[in-house]
Amino acid sequence: MSTLKAGVIGYPIHHSKSPIIHGHWIEEYDLTGTYETIEIAPENLKEDIQKLVDQGFHGFNATIPHKENIMALCDEVDETAKAIGAVNTILIKDRKLFGSNTDVFGFIQNIKQEVPHFDFKNKRAVVLGAGGAARAIVYAFKQEDVSEIIITNRTREKAESLIELAPDQVRVIDWESREDALKGADLLVNTTPLGMEGQLALELDLTQLPTHALVSDIVYTPLMTDLLSDAKAQGNDIVTGIGMLLHQARPAFEKWTGILPDVDDVLIKKVLS
Ligand code: ATR
């Protein structure tokens, strides 16, 4: 391909790890090009995206606060992004914008790489939280034939708004009763910021969680959250949060270059350092 021109838009954006990830792959696959952070204030979204088109960008990622608003500016949006209501990857082709969402792929592929023997089919999953990440994860569970998805969230109505994603599978329970949901669960995922550095702790006693259950956290600062270390101490398989971030970047890189890159230890170390 010609020299890659890509990046990530957000506001603020300096904290983004995406340039490290895509920069690693540009080097690894012997390509030339750049992947940069591009700060765009919400009120400038339309004009600034037009500038990227004019500058010959192949595409870009979108993060907070643009994931929802960018949808209306896309010429086409794929089914997954439509269902979730958020676009995180944009391919520019013939000056047209093609929006997609790679979080579903990222979440599932991370678990498949980390715990290859885990089978989602006919399992019972518990999801803590009901924000954007939870929407992608509930959609992912439906795709993987998880038979029961229990969502528990501080604001119950927000959890109920996720029922439409998988009406036959989703059941909502009160946040105060979250420990009861662990009984008989095969999968537990935290999508809240609880347990993240600088945030409140996630208060959750895992005693009722079967030891065969897989526990995943989307928080990755720290990498080993209290939830994950408690689960590990109990004998559960765990999956840390950094992998979802890395795996969701793979289909984006593929859209722009035709190469579906791998997540390896070198990349994980780079992103964590
Ligand atoms: P994202 O879109 O990245 O998933 P989000 O929309 O901010 O992030 O969602 C964060 C989730 O964590 C929400 O479900 C939020 O609960 P509310 O719907 O009640 O806001 C949950 N969350 C955040 N802080 C929390 C806290 N202190 N206790 C319990 N839940 C919390």
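1. Start with helix 8, residues 242-257, in this predicted model. Helix 8 lies across strand 1, strand 2, strand 3, strand 5 and strand 6. Strand 6 covers residues 96-100. The helix runs at about 5 degrees to strand 5.

2. The strands under helix 8 belong to an open sheet. That sheet has 6 strands, in the order 2-1-3-5-6-4. Its pairing is mixed. The edges are strand 2 (33-39) and strand 4 (76-77), and each of them pairs on one side only. Helix 1, residues 18-28, also packs on this sheet. Helix 1 touches strand 1 (4-10), strand 2 and strand 3. Its direction makes about 170 degrees with that of strand 2.

3. One pairing in the mixed sheet can be followed residue by residue. Strand 3 (residues 59-62) and strand 5 (residues 89-93) run antiparallel. They are joined by 3 bridges. Look at F60: it stands opposite I90 in strand 5.

4. Two cis peptide bonds deserve a check by eye. One joins Y11 and P12, with omega about 0 degrees. P12 is placed in the loop between strand 1 and helix 1. Another cis bond joins I64 and P65, and here omega is about 5 degrees. P65 sits in the loop between strand 3 and strand 4.

5. Next, the other sheet. Here 6 strands form an open sheet in the order 9-8-7-10-11-12. The pairing is parallel. Strand 9 (170-174) and strand 12 (237-239) are the edge strands, each pairing on one side only. On average, neighbouring strands are turned by 20 degrees against each other, direction ignored.

6. Strand 7 and strand 8 give a clear example of the parallel pairing. Strand 7 spans residues 124-128 and strand 8 spans residues 148-153. They pair over 5 bridges. The bridge partner of L128 is T152 in strand 8.

7. Helix 4, residues 103-114, lies across part of the parallel sheet. It covers strand 10 (187-190), strand 11 (214-217) and strand 12. Helix 4 runs at about 135 degrees to strand 12.

8. How do helix 4 and helix 5 cross, and at what angle? Helix 5 covers residues 132-143. The two axes come within 9 Å and cross at roughly 65 degrees. The crossing is right-handed. From helix 4, the residues in contact are D103, V104, F107 and I108. They meet A136, I137, Y139, A140, F141 and Q143 in helix 5. By class, this contact has 8 nonpolar, 1 polar and 1 charged residues.

9. Both helices also feed the largest nonpolar core, which has 33 residues. Those with the most contacts inside this core are F107, F120, V127, V138, F141, I149 and I151. Helix 4, strand 7, helix 5, strand 8, strand 9 and strand 10 each supply at least two residues. Which element gives the most to this core? Helix 5 does, with 7 residues.

10. V127 is a good place to inspect the core. Leaving out residues up to four places away in sequence, V127 touches A134, V138, F141, I149, I150, I151, T152, V189 and T191. Among these contacts, V138, F141, I149 and I151 are also listed with V127 for the most contacts inside the core.

11. Is N236 buried or exposed? It counts as buried because its relative accessibility is 5%, and the cut-off for buried is under 20%. N236 is found in the loop between helix 7 (226-233) and strand 12. Leaving out residues up to four places away in sequence, it touches L209, P210, T211, H212, A213, V215 and A231. A130 is 106 residues from N236 in sequence. Their C-alpha atoms are 24 Å apart.

12. Two non-glycine residues have positive phi. Phi of R95 is near 65 degrees. R95 lies in the loop between strand 5 and strand 6. R95 is exposed, with a relative accessible area of 53%. N122 has phi of about 60 degrees. The loop holding N122 runs between helix 4 and strand 7. N122 is exposed too, with a relative accessible area of 58%.

Methods. Residues are numbered from 1 along each chain as its sequence is written. This is a predicted model: local features need pLDDT of at least 70, side-chain atom pairs count only at pLDDT 80 or more; totals for chains, interfaces and linings use all residues. Side-chain values use heavy atoms; hydrogens and water are left out. Two strands pair if DSSP finds at least two bridges between them. Helices (H or I, at least four residues) and strands (E, at least two) are DSSP runs, numbered from the N terminus. Axes are lines fitted to C-alpha atoms, for helices over the stretch in contact, and angles run from 0 to 180 degrees between N-to-C directions. Contact means heavy atoms within 4.5 Å. A crossing is left-handed if the near helix is turned anticlockwise from the far one by less than a right angle, and right-handed if clockwise. Ala, Val, Leu, Ile, Met, Phe, Trp, Tyr, Cys and Pro count as nonpolar, Asp, Glu, Lys and Arg as charged, and the others, Gly among them, as polar. A nonpolar core is a set of buried Ala, Val, Leu, Ile, Met, Phe, Trp, Tyr and Cys residues joined through side-chain atoms within 4.5 Å. Buried means under 20% relative accessible area, exposed over 50%, partly exposed in between (1.4 Å probe, protein chains only).
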